[in-house]
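Reader: I'd like to talk through this one with you. Could you take me around it piece by piece?

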Amino acid sequence: MRAATDPLLERIDALEAAFGPLDDPDNPLGGAALLAADAAGTQVPGAERILDAYGLNAEFVPVELGGRLRRLDDLGRLLRPLFRRDASLGFGYGLSCFFAAVPVWTAGSAEQRRLAARLLIGGDRVAVARHEVAHGNDFVRDEFTARPVSGGLLLSGSKTAIANAARARGLVLFARTGDGSGGRSHSVLLIDRAELPADKITDLDRHPTHGMRSAEFGGLTVTGCVVPESAVLGRIGDGYELSLRSSLMIRGLIPSIVLAGVDTALRTVVTFATRRRDDGHSSLDVRHVREVLTGAFLDLLLIDCLALVATRALHLLPQQMSVYAASAAYLAPRLATEAMDDMSAVLGEETFAVSGAYGMFQKQLRDLPVTSLGHAGSAGRQVSILPQLPHFARYSWFAEPEAPATLFRPYDDLPPLEPAGLALLGDSDPLAATLVACTDWLESADLTRPGREGWPLLRTLARTFTGELGDLGKAFAAVDPGDRAALASPHHFGLADRYTMVLAAAACLGVWREQVKDGTDPFLADPAWPSAVLYRLGRRLGLPLPDRPVAGEQRVLAEVLARLHGRRSYDLYGSALA
């Protein structure tokens, strides 16, 4: 239950109020100004000053180093006011600094951690230059090298697409320190640019992007610059492993980022659909339109359940969370993209508007691929998932205890985050066990009690997904965990995709069950939304399903409209909007 005085909520409300209503054409930080700045490839005047005054960078620094970062789920929520408005601002101003700082929080010495904290809290930027394996796409293919010489490491090379390259004082550079392509070929360096000779480092031209046009992606060339060996994070050769460990924290935030943008897109489309024409009718009179709006909101609730589990598991389940972070980062962008495609059909030609009342939809549509794939592509996330599934099938599914209830309770306290203690491969799958436990709970529940009219349908759907988990267990138990060729087959990639949707169903059921037991939100305690979510997931999987939950979907649509008129966010929290 939320505390009477919630410091996080106060900070979120402060950011929301500072930027003002997105739909106010006279707001100098509103949608019209953001769209104009996006078209020009610049930031809205005054936007960064607000974040400077707020001290946003302190949100990326652990509290023990003087910042405000305590919990990753809190950080995901706090970023939403920014990403609902402008991914360029949210990523370019701050989140890129967090991505750069994660390797320092994970493997840095006490001195390195103090340096990064001092730079961020002091208002400086920290930029990260990753190599292509860590980055997971073809955004760039060049790299830095760092070779041992007298006095340290000789740093040379270039990268052509680094967020805030020219503006950053702190640089986190992935550099080749060994020959070949093995796992020990790269290292990570933390460098204070102010301490480098000015003639050894050159800023390259800005790199244009189709999405996040206002974010500054530039490049750097370093020519024969000697840096001390103390700049290395961890040990020489730790680069690849450190990249993987850093991704565990970064992936957990991706659902919140993509959710925020689709929130604005949905609000834009609902506004369009409820507009009355001269004949008194609206697009909302069309059943397909109602289904699209309902489905998009259900997808956002599902994405937020994934966000909740992925971030809270970092604190609660450090030995098991890797598969949840990868699954959330894989599935959330996919669901968001499908929702945007469906909503495009409702907007029609207004999908292409670049200004006016509906221009924000096109902007969010362009930004989504950059915000969701900036760290690693979907195939890379599946590769992280697949090696773990044969072990789970043999030793975990239907055999081990479920996740702790607090995983699904956003206002419960969490233990401190220990980045160095996060495991790259999980030893069990308690979230899948939650699916089984929720199914058993529904099976034993008294469904004749008043107010439980929707429970039988949810029980049937939960039973269906538990059966799907059983089928996945049979398939992966037949695979030798060391058989990489089998795991890399298209068939098993497809099974991994199905597994992520089973996990998503488990996350939704876990959130709903805890709301029933001790929640304060009548909508979230209603079985209407989890039933509709599971039905929607079941259709994607081609599972045998009962009749469509029409009454439940009507309840969800009513919530969509209520949140539009009540100016509340389209997520688990229903936060107040400016």
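Reader: Let's start at a helix end. Which residue caps the N-terminal end of α6?

Author: Keep in mind that this is a predicted model. Look for a side-chain oxygen 3.1 Å from the backbone nitrogen of Ser-88. The residue that supplies this oxygen, and so caps the N-terminal end of α6 under the 3.5 Å cut-off for a polar contact, is Asp-86.

Reader: How far apart are the end C-alpha atoms of α6, and what span should its 21 residues have?

Author: Counting 1.5 Å a residue, the 21 residues of α6 should span 30 Å. The end C-alpha atoms agree with that, because their separation is 28 Å.

Reader: Where is the kink in α6 centred?

Author: The helix covers residues 87-107. The kink in α6 is about 45°, and its centre is Leu-95.

Reader: Is α6 largely enclosed or not, and how many of its residues are buried?

Author: α6 is largely enclosed by the rest of the structure. That follows because, of its 21 residues, the number buried is 20.

Reader: Take Cys-97, then. Is it buried or exposed, and what is its relative accessible area?

Author: Cys-97 sits in α6. Buried means under 20% relative accessible area, so Cys-97 counts as buried, with a value of 0%.

Reader: Which residues is Cys-97 in contact with, leaving aside neighbours within four places in sequence?

Author: One of these partners, Arg-125, also lies over the face of Tyr-93, at 4.4 Å from the ring centre. The full list for Cys-97 is Asn-57, Leu-120, Arg-125 and Val-126.

Reader: And how far apart in space are Cys-97 and Leu-495?

Author: In sequence, Cys-97 and Leu-495 are 398 residues apart. In space, C-alpha to C-alpha, the value is 35 Å.

Reader: On to the rings. How many aromatic pairs does the structure hold, and what kind of pair do Phe-272 and Tyr-358 form?

Author: The structure holds 12 aromatic pairs. For Phe-272 and Tyr-358, the centres are 5.3 Å apart and the planes are at 85°. Planes over 60 degrees apart count as edge-to-face, so the Phe-272 and Tyr-358 pair is edge-to-face.

Reader: How many residues apart in sequence are the parts that this pair ties together?

Author: Phe-272 lies in helix α9, residues 239-273, while Tyr-358 is in the loop between α11 and α12. Both rings are buried, Phe-272 with a relative accessible area of 8% and Tyr-358 with 11%. The pair therefore ties together parts whose separation in sequence is 86 residues.

Reader: What angle do the planes of Phe-297 and Tyr-570 make?

Author: The ring centres of Phe-297 and Tyr-570 are 5.5 Å apart. This pair is edge-to-face because the angle between the planes is 65°.

Reader: Which helix holds Phe-297, and where is Tyr-570?

Author: Phe-297 and Tyr-570 are both buried. Tyr-570 is in the segment after α21, so the pair ties together parts 273 residues apart in sequence. The helix that holds Phe-297 is α10.

Reader: Which residues do ring pairs link into a cluster?

Author: Here ring pairs link three phenylalanines into a cluster. They are Phe-91, Phe-99 and Phe-217.

Reader: Which ring does the charged end of Arg-452 sit over?

Author: The charged end of Arg-452 is 4.0 Å from the centre of that ring. The ring is that of Trp-455.

Reader: Back to α9. Which backbone oxygen does the side chain of Thr-268 reach?

Author: Thr-268 is in helix α9 and is buried, with a relative accessible area of 7%. Its contacts, leaving aside neighbours within four places in sequence, include Tyr-358 and Phe-361. The side chain of Thr-268 reaches out 2.8 Å to the backbone oxygen of Thr-264.

Reader: Now for some loops. Is Ala-478 buried or exposed?

Author: Ala-478 is in the loop between α16 and α17. Its C-alpha is 9.0 Å from that of Arg-394, with their places 84 residues apart in sequence. Since exposed means over 50%, the 68% of Ala-478 makes it exposed.

Reader: Last one: what is phi of Phe-398 near?

Author: Most residues other than glycine have a negative phi. Phe-398 is in the loop between α14 and α15 and is partly exposed, at 47% relative accessible area. Its phi has a positive value, near 65°.

Conventions
Residues are numbered from 1 along each chain as its sequence is written. This is a predicted model: local features need pLDDT of at least 70, side-chain atom pairs count only at pLDDT 80 or more; totals for chains, interfaces and linings use all residues. Side-chain values use heavy atoms; hydrogens and water are left out. Helices (H or I, at least four residues) and strands (E, at least two) are DSSP runs, numbered from the N terminus. Buried means under 20% relative accessible area, exposed over 50%, partly exposed in between (1.4 Å probe, protein chains only). Contact means heavy atoms within 4.5 Å. The expected span of a helix is 1.5 Å times one less than its number of residues. The bend at a residue is the angle between axes fitted to the seven residues ending there and the seven starting there. A polar contact is a pair of N or O atoms within 3.5 Å; within protein, one must be able to donate a hydrogen and the other to accept it, and residues adjacent in sequence count only if both atoms are side-chain atoms. Rings of Phe, Tyr and Trp (its six-membered ring) pair if their centres lie within 6.5 Å; planes under 30 degrees apart count as stacked, over 60 as edge-to-face and the rest as tilted. A charge sits over a ring if NZ of Lys or CZ of Arg is within 6 Å of the ring centre and within 35 degrees of the ring normal.
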